[in-house]
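Here's a quick briefing on how two helices meet and on a cavity. Have the model open while you read.

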Amino acid sequence: MLSFHLVLRYPRIMGFNTILVVMGVSGSGKTTVAKCLAGALGVGLLEGDEMHPKTNVEKMRSGTPLTDADRLPWLHSIARRIDEWRVRGEAGVVTCSALKRTYRNILIGDRPDVRLVYLRGSRELIHQRMAARHEHFMPLGLLDSQFATLQEPGADERPVVVDVAGSPAEIVAEIIRQLGVVPRAPA
(Lines give C-alpha, C1' and ligand atoms only; values in the text may rest on other atoms or scores of the structure.)
Protein backbone atom coordinates (compact mmCIF):
# COMPACT_ATOMS: atom_id res chain seq x y z
CA MET A 1 0.00 0.00 0.00
CA LEU A 2 1.28 3.45 -0.82
CA SER A 3 2.27 5.51 2.19
CA PHE A 4 1.21 8.94 0.97
CA HIS A 5 -2.01 10.78 0.26
CA LEU A 6 -2.75 12.98 -2.71
CA VAL A 7 -4.86 16.07 -2.76
CA LEU A 8 -7.31 15.59 -5.62
CA ARG A 9 -7.16 19.24 -6.61
CA TYR A 10 -3.47 18.96 -7.57
CA PRO A 11 -4.20 17.47 -10.99
CA ARG A 12 -6.52 20.34 -11.89
CA ILE A 13 -4.27 23.04 -10.42
CA MET A 14 -1.23 21.60 -12.20
CA GLY A 15 -3.21 21.41 -15.45
CA PHE A 16 -2.72 17.77 -16.28
CA ASN A 17 -5.54 15.52 -17.44
CA THR A 18 -7.51 13.81 -14.75
CA ILE A 19 -8.86 10.73 -16.49
CA LEU A 20 -6.17 8.12 -16.96
CA VAL A 21 -6.53 5.21 -19.41
CA VAL A 22 -4.24 2.41 -18.22
CA MET A 23 -3.33 0.26 -21.24
CA GLY A 24 -1.20 -2.77 -22.04
CA VAL A 25 -1.41 -6.37 -23.08
CA SER A 26 -3.28 -8.88 -20.97
CA GLY A 27 -1.18 -9.79 -17.95
CA SER A 28 0.63 -6.44 -17.78
CA GLY A 29 -1.07 -5.61 -14.47
CA LYS A 30 -3.67 -3.11 -15.65
CA THR A 31 -6.29 -4.01 -13.04
CA THR A 32 -3.90 -4.19 -10.09
CA VAL A 33 -2.09 -0.98 -11.00
CA ALA A 34 -5.31 0.88 -11.83
CA LYS A 35 -6.88 -0.06 -8.48
CA CYS A 36 -3.80 1.17 -6.62
CA LEU A 37 -3.59 4.31 -8.76
CA ALA A 38 -7.27 5.17 -8.31
CA GLY A 39 -6.90 4.65 -4.57
CA ALA A 40 -3.79 6.82 -4.38
CA LEU A 41 -5.48 9.60 -6.35
CA GLY A 42 -8.84 9.22 -4.60
CA VAL A 43 -10.72 8.88 -7.91
CA GLY A 44 -13.16 6.45 -9.52
CA LEU A 45 -12.17 3.25 -11.30
CA LEU A 46 -13.67 1.70 -14.42
CA GLU A 47 -12.54 -1.84 -15.26
CA GLY A 48 -12.83 -2.01 -19.04
CA ASP A 49 -12.98 -5.80 -19.14
CA GLU A 50 -16.25 -5.68 -17.22
CA MET A 51 -17.79 -3.81 -20.13
CA HIS A 52 -17.07 -6.54 -22.69
CA PRO A 53 -20.23 -8.11 -24.08
CA LYS A 54 -20.69 -11.74 -23.11
CA THR A 55 -19.99 -12.81 -26.71
CA ASN A 56 -16.54 -11.21 -26.56
CA VAL A 57 -15.71 -12.91 -23.26
CA GLU A 58 -16.82 -16.30 -24.57
CA LYS A 59 -14.83 -15.81 -27.76
CA MET A 60 -11.65 -15.00 -25.80
CA ARG A 61 -12.27 -17.78 -23.29
CA SER A 62 -12.41 -20.24 -26.20
CA GLY A 63 -9.01 -19.00 -27.41
CA THR A 64 -10.24 -16.93 -30.35
CA PRO A 65 -8.75 -13.42 -30.63
CA LEU A 66 -11.22 -10.56 -30.97
CA THR A 67 -11.51 -8.73 -34.27
CA ASP A 68 -11.76 -4.98 -34.66
CA ALA A 69 -15.48 -5.45 -35.31
CA ASP A 70 -15.77 -7.26 -31.95
CA ARG A 71 -13.90 -4.51 -30.13
CA LEU A 72 -15.54 -1.40 -31.59
CA PRO A 73 -18.85 -1.49 -29.63
CA TRP A 74 -16.88 -2.23 -26.45
CA LEU A 75 -14.49 0.67 -27.04
CA HIS A 76 -17.37 3.05 -27.75
CA SER A 77 -19.04 1.96 -24.48
CA ILE A 78 -15.89 2.79 -22.55
CA ALA A 79 -15.59 6.14 -24.36
CA ARG A 80 -19.18 6.98 -23.37
CA ARG A 81 -18.35 6.29 -19.71
CA ILE A 82 -15.27 8.51 -19.99
CA ASP A 83 -17.45 11.27 -21.43
CA GLU A 84 -19.97 10.85 -18.59
CA TRP A 85 -17.15 11.44 -16.09
CA ARG A 86 -15.96 14.44 -18.10
CA VAL A 87 -19.43 16.01 -18.19
CA ARG A 88 -19.63 15.67 -14.40
CA GLY A 89 -16.09 17.02 -13.98
CA GLU A 90 -14.92 13.80 -12.34
CA ALA A 91 -11.45 12.34 -12.40
CA GLY A 92 -10.95 8.61 -12.86
CA VAL A 93 -8.83 5.67 -13.90
CA VAL A 94 -9.93 3.34 -16.72
CA THR A 95 -8.41 0.01 -17.69
CA CYS A 96 -8.44 -1.01 -21.33
CA SER A 97 -5.91 -2.94 -23.37
CA ALA A 98 -6.13 -0.19 -26.06
CA LEU A 99 -3.58 -2.09 -28.11
CA LYS A 100 -3.97 -0.14 -31.36
CA ARG A 101 -3.72 3.56 -32.01
CA THR A 102 -7.18 3.47 -33.61
CA TYR A 103 -8.59 2.10 -30.35
CA ARG A 104 -6.87 4.84 -28.35
CA ASN A 105 -8.25 7.44 -30.75
CA ILE A 106 -11.75 6.28 -29.77
CA LEU A 107 -10.96 6.46 -26.04
CA ILE A 108 -8.84 9.59 -25.96
CA GLY A 109 -9.22 11.30 -29.32
CA ASP A 110 -9.43 15.05 -28.85
CA ARG A 111 -10.20 14.81 -25.13
CA PRO A 112 -7.46 17.00 -23.60
CA ASP A 113 -8.40 15.90 -20.08
CA VAL A 114 -7.71 12.20 -20.77
CA ARG A 115 -4.19 10.81 -20.48
CA LEU A 116 -2.70 7.46 -21.52
CA VAL A 117 -0.66 5.29 -19.15
CA TYR A 118 1.14 2.45 -20.95
CA LEU A 119 2.27 -0.53 -18.87
CA ARG A 120 5.17 -1.97 -20.87
CA GLY A 121 6.60 -5.40 -20.19
CA SER A 122 8.59 -8.06 -21.96
CA ARG A 123 6.81 -11.03 -23.49
CA GLU A 124 8.69 -13.33 -21.10
CA LEU A 125 7.57 -11.46 -17.96
CA ILE A 126 3.97 -11.20 -19.15
CA HIS A 127 3.97 -14.91 -20.06
CA GLN A 128 5.09 -15.78 -16.51
CA ARG A 129 2.36 -13.62 -14.99
CA MET A 130 -0.37 -15.01 -17.22
CA ALA A 131 0.74 -18.58 -16.52
CA ALA A 132 0.45 -17.92 -12.78
CA ARG A 133 -3.12 -16.57 -12.84
CA HIS A 134 -6.17 -18.79 -12.95
CA GLU A 135 -9.23 -16.58 -12.50
CA HIS A 136 -9.11 -14.63 -15.79
CA PHE A 137 -10.97 -15.31 -19.03
CA MET A 138 -7.95 -14.50 -21.22
CA PRO A 139 -6.06 -17.73 -21.92
CA LEU A 140 -2.28 -17.84 -22.19
CA GLY A 141 -2.67 -18.95 -25.82
CA LEU A 142 -3.82 -15.45 -26.80
CA LEU A 143 -0.68 -13.72 -25.53
CA ASP A 144 1.05 -13.86 -28.90
CA SER A 145 -1.98 -12.28 -30.59
CA GLN A 146 -1.90 -9.49 -27.98
CA PHE A 147 1.73 -8.68 -28.77
CA ALA A 148 1.09 -9.00 -32.51
CA THR A 149 -1.76 -6.48 -32.24
CA LEU A 150 0.11 -4.09 -29.92
CA GLN A 151 1.08 -0.75 -31.41
CA GLU A 152 3.10 1.00 -28.74
CA PRO A 153 1.95 4.59 -28.25
CA GLY A 154 3.98 7.29 -29.95
CA ALA A 155 5.27 10.44 -28.33
CA ASP A 156 2.45 12.43 -29.96
CA GLU A 157 -0.01 10.45 -27.80
CA ARG A 158 1.63 11.93 -24.66
CA PRO A 159 1.83 8.56 -22.89
CA VAL A 160 3.15 7.91 -19.44
CA VAL A 161 5.26 4.77 -20.08
CA VAL A 162 6.14 2.55 -17.14
CA ASP A 163 7.99 -0.75 -17.07
CA VAL A 164 5.97 -3.40 -15.24
CA ALA A 165 8.90 -5.29 -13.73
CA GLY A 166 8.49 -3.47 -10.40
CA SER A 167 5.92 -3.95 -7.68
CA PRO A 168 2.47 -2.36 -8.06
CA ALA A 169 3.43 0.31 -5.50
CA GLU A 170 6.62 1.13 -7.43
CA ILE A 171 4.72 1.30 -10.72
CA VAL A 172 2.07 3.61 -9.24
CA ALA A 173 4.74 5.84 -7.68
CA GLU A 174 6.45 6.12 -11.08
CA ILE A 175 3.17 6.98 -12.82
CA ILE A 176 2.47 9.68 -10.23
CA ARG A 177 6.02 11.00 -10.59
CA GLN A 178 5.71 11.22 -14.38
CA LEU A 179 2.34 12.94 -14.10
CA GLY A 180 3.86 15.55 -11.82
CA VAL A 181 1.43 15.04 -8.96
CA VAL A 182 2.93 16.31 -5.73
CA PRO A 183 2.12 13.92 -2.88
CA ARG A 184 1.17 15.39 0.45
CA ALA A 185 2.82 14.00 3.55
CA PRO A 186 0.55 11.71 5.62
CA ALA A 187 -1.50 13.54 8.26
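**Two helices that meet**

Helices α2 and α8 are oblique to each other, which here means an angle that isn't under 35 (roughly parallel), over 145 (roughly antiparallel) or 65 to 115 degrees (roughly perpendicular). This is a predicted model, where local features need pLDDT of at least 70, side-chain atom pairs need 80 or more, and totals for chains, interfaces and linings use all residues. Residues are numbered from 1 along each chain, and side-chain values use heavy atoms, without hydrogens or water.

**The crossing**
- The axes of α2 (residues 30-41) and α8 (residues 168-179) come within 9 Å and cross at roughly 55 degrees.
- The crossing of α2 past α8 is right-handed, meaning the near helix is turned clockwise from the far one by less than a right angle.
- On α2, the contact (heavy atoms within 4.5 Å) uses T32, V33, C36, L37 and A40, and on α8 it uses P168, I171, V172, I175 and I176.
- Those contact residues split into 9 nonpolar, 1 polar and no charged.

**The second largest cavity**
- Its space is about 30 Å³.
- Among the residues lining the second largest cavity are Y118, L119, R120 and F147.
- Strand β4 (residues 114-120) gives the largest share of that lining, with 3 residues.
- The lining holds 5 nonpolar, 3 polar and 1 charged.

Technical notes:
Axes are lines fitted to C-alpha atoms, for helices over the stretch in contact, and angles run from 0 to 180 degrees between N-to-C directions. Helices (H or I, at least four residues) and strands (E, at least two) are DSSP runs, numbered from the N terminus. Ala, Val, Leu, Ile, Met, Phe, Trp, Tyr, Cys and Pro count as nonpolar, Asp, Glu, Lys and Arg as charged, and the others, Gly among them, as polar. On a 1 Å grid over the protein atoms alone, a cavity is a set of points where a 1.4 Å probe fits but cannot get out, and a pocket is an open set with protein on both sides within 12 Å along at least five of seven lines; lining residues have an atom within 4 Å of a point. Grid points are joined across faces, edges and corners, and a volume is the space filled by probe spheres set on the points.
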